[in-house]
Amino acid sequence: MSVAGVYDCVTKSPMGDQKSVLTLEVDGDTVTGSNVGAQGSLELEDGKADGNSASWSMNMTVPMPMKLEANVTVDGDALSGTVKAGAFGEMAMTGTRQG
């Protein structure tokens, strides 16, 4: 099953749980999409898909400029992985595919 889909996600950040809606679109081994949350919408860049895994980066501007690097695995409708946030280190990200 492809990682493509729309997921209701929670990222465990230093500022508390950050809820977002993650959209993953897959074309071959390329991932595009967006992650939309309370801080706005982030476009997925440099996205790659490999079976049930995906990785991408996002350029966050709010509350501070920072490059975020995500690596996730999808098992059925469950997404899990990490978002690396510069000096803040890795944050856990989990999600559930929308029906």
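**A guided tour of the core, a buried serine and the largest pocket**

Begin with the largest nonpolar core of this predicted model, a set of 23 residues. Select Leu-22, Leu-24, Trp-56, Leu-68 and Leu-79, which have the most contacts inside this core. Next, colour the strands that each supply at least two of the core residues: E1 (5-13), E2 (16-27), E6 (53-60), E7 (66-75), E8 (78-85) and E9 (90-97). Among these, E7 gives the largest share, with 5 residues. In soluble globular proteins, nonpolar side chains tend to be buried together.

Now centre the view on Trp-56. Setting aside residues up to four places away in sequence, Trp-56 touches Leu-22, Leu-24, Leu-44, Glu-45, Asp-46, Gly-47, Leu-68, Glu-69, Ala-70 and Val-72.

Proceed to Ser-34, which is found in strand E3 (residues 30-37). Is Ser-34 buried or exposed? Ser-34 counts as buried because its relative accessible area is 15%, and the limit for buried is under 20%. Display its contacts beyond four places in sequence: Val-21, Leu-22, Thr-23, Ser-41, Leu-42, Glu-43 and Leu-44.

Finally, turn to the largest pocket, which holds about 490 Å³ of space. Which residues lie nearest its centre? Select Met-15, Gln-18, Gln-39, Met-60 and Leu-68, which take that place among the 28 lining residues. The lining comprises 17 nonpolar, 10 polar and 1 charged residues. Strands E1, E2, E3, E4 (40-43), E6, E7, E8 and E9 each supply at least two residues of this lining. Leu-68 thus appears at two stops, as one of the core residues with the most contacts and as one of those nearest the centre of the pocket.

Methods
Residues are numbered from 1 along each chain as its sequence is written. This is a predicted model: local features need pLDDT of at least 70, side-chain atom pairs count only at pLDDT 80 or more; totals for chains, interfaces and linings use all residues. Side-chain values use heavy atoms; hydrogens and water are left out. A nonpolar core is a set of buried Ala, Val, Leu, Ile, Met, Phe, Trp, Tyr and Cys residues joined through side-chain atoms within 4.5 Å. Buried means under 20% relative accessible area, exposed over 50%, partly exposed in between (1.4 Å probe, protein chains only). Helices (H or I, at least four residues) and strands (E, at least two) are DSSP runs, numbered from the N terminus. Contact means heavy atoms within 4.5 Å. On a 1 Å grid over the protein atoms alone, a cavity is a set of points where a 1.4 Å probe fits but cannot get out, and a pocket is an open set with protein on both sides within 12 Å along at least five of seven lines; lining residues have an atom within 4 Å of a point. Grid points are joined across faces, edges and corners, and a volume is the space filled by probe spheres set on the points. Ala, Val, Leu, Ile, Met, Phe, Trp, Tyr, Cys and Pro count as nonpolar, Asp, Glu, Lys and Arg as charged, and the others, Gly among them, as polar.
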